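Student: Could you take a close look at one part of this model for me, the nonpolar core? I'd like the cut-offs spelled out as you go.

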Amino acid sequence: MKKVSEEISEAVFPSNIYCCLCGGLIDRSRPYALCDDCIRKMHWITGRTCKSCGKALPDTFRGDTCYDCMDLRHSFTRGWSCLTYGMYERQLMMGIKYSGKGYMAVKMGDVLFDRMEMLIDNAKANNIIPFDVAIPVPISKERLRKRGYNQSEFMAKQFIKRWIDFAGEKWAPELVRGVLVRQKKTEMLRGLNPAERRIALNGAFGVKPGKEYRIARKSVLLIDDIYTTGTTADACSRTLIAAGCGDVYLLTLCSGGNRKPEDTA
């Protein structure tokens with residue numbers, strides 16, 4: 001019934017006849033429901049990246065680790081990201097988070113898949129399943145009630161759907177929801193320094209009692225919308241590892257720039 005409802009909703013209120021950013025009319029062939037002009041404005045990560053978190057690195061940057069990762073050892077093994085967070089990416093995320101445009105998060109699931117398609121293809125060719133389960137970062141119950149959806153869950157669901165369509169269910173991780181939970185609402189992290197973020201997120205996440213078996217000894221792909229310093233990703237990773245999972249990997253839609261610590265003061 002849910003699938004039928006979604007199909008009816010899409011037929012009555014098509015999610016890709018207007019550009020997600022500028023609102024201009026587009027045809028259904030436009031990728032990610034973005035017009036050609038807005039696609040060009042987005043900061044796509046296609047070049048060098050931090051070997052730890054996946055942030056974009058300038059071609060002139062010496063080294064293979066971003067400034068943040070130089071100073072902090074993460075709890076996750078490795079990360080990938082799709083976009084560098086700039087003005088247009090912020091506009092997109094504001095629409096998803098605060099204007100009820102959940103359909104845009106579904107479109108961003110396609111962005112996640114396209115970012116990982118080569119890895120997925122190589123894994124299948126070598127008879128490897130790179131991740132056992134995929135887990136979206138949860139939001140608080142209060143925010144879920146107010147927003148009506150978890151944008152990371154929408155992205156993760158579409159990402160796994162595309163993975164299955166491309167490689168087959170046998171080669172795709174299981175989408176696991178309701179195991180990693182947000183135990184308390186935290187203040188907005190925007191504007192806090194890394195130390196303040198760690199304090200704010202202390203005890204924020206947990207694994208639902210009795211659900212540990214869903215992740216026991218399994219490799220996890222953690223999926224989130226925005227990555228800045230990695231505080232949220234680390235808090236989730238520590239929680240999952242403490243509950244018995246194997247390695248945790250990270251996939252984010254957007255990540256901050258490679259700024260020196262003094263640039264964020």
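Tutor: Sure, terms up front: a nonpolar core here is a set of buried Ala, Val, Leu, Ile, Met, Phe, Trp, Tyr and Cys residues joined through side-chain atoms within 4.5 Å, where buried means under 20% relative accessible area with a 1.4 Å probe, protein chains only. Keep in mind that the model is predicted, so local features need pLDDT of at least 70 and side-chain atom pairs count only at pLDDT 80 or more, while totals for chains, interfaces and linings use all residues. Residues are numbered from 1 along each chain as its sequence is written, and side-chain values use heavy atoms, with hydrogens and water left out.

Now the core itself. The largest one has 42 residues, and F159 and L253 touch the most other members. At least two residues each come from β1 (78–84), α4 (87–98), α5 (102–125), α7 (151–167), β6 (220–227) and β7 (248–255); helices (H or I, at least four residues) and strands (E, at least two) are DSSP runs, numbered from the N terminus. The top contributor is α5, with eight residues. Leaving aside residues up to four places away in sequence, F159 touches G109, L112, F113, M116, I120, L221, I223 and L251, contact being heavy atoms within 4.5 Å. There's also a second, separate core of 28 residues, including I135, L240, V248 and L250.

Back to α4: its buried residues are E89, L92, M93, G95, I96 and K97. Among the elements covering them are β1, α5, α6 (141–147), α7, β6 and β7. Just after α4 comes G100, with a positive phi near 70 degrees.

Key: Buried means under 20% relative accessible area, exposed over 50%, partly exposed in between (1.4 Å probe, protein chains only).
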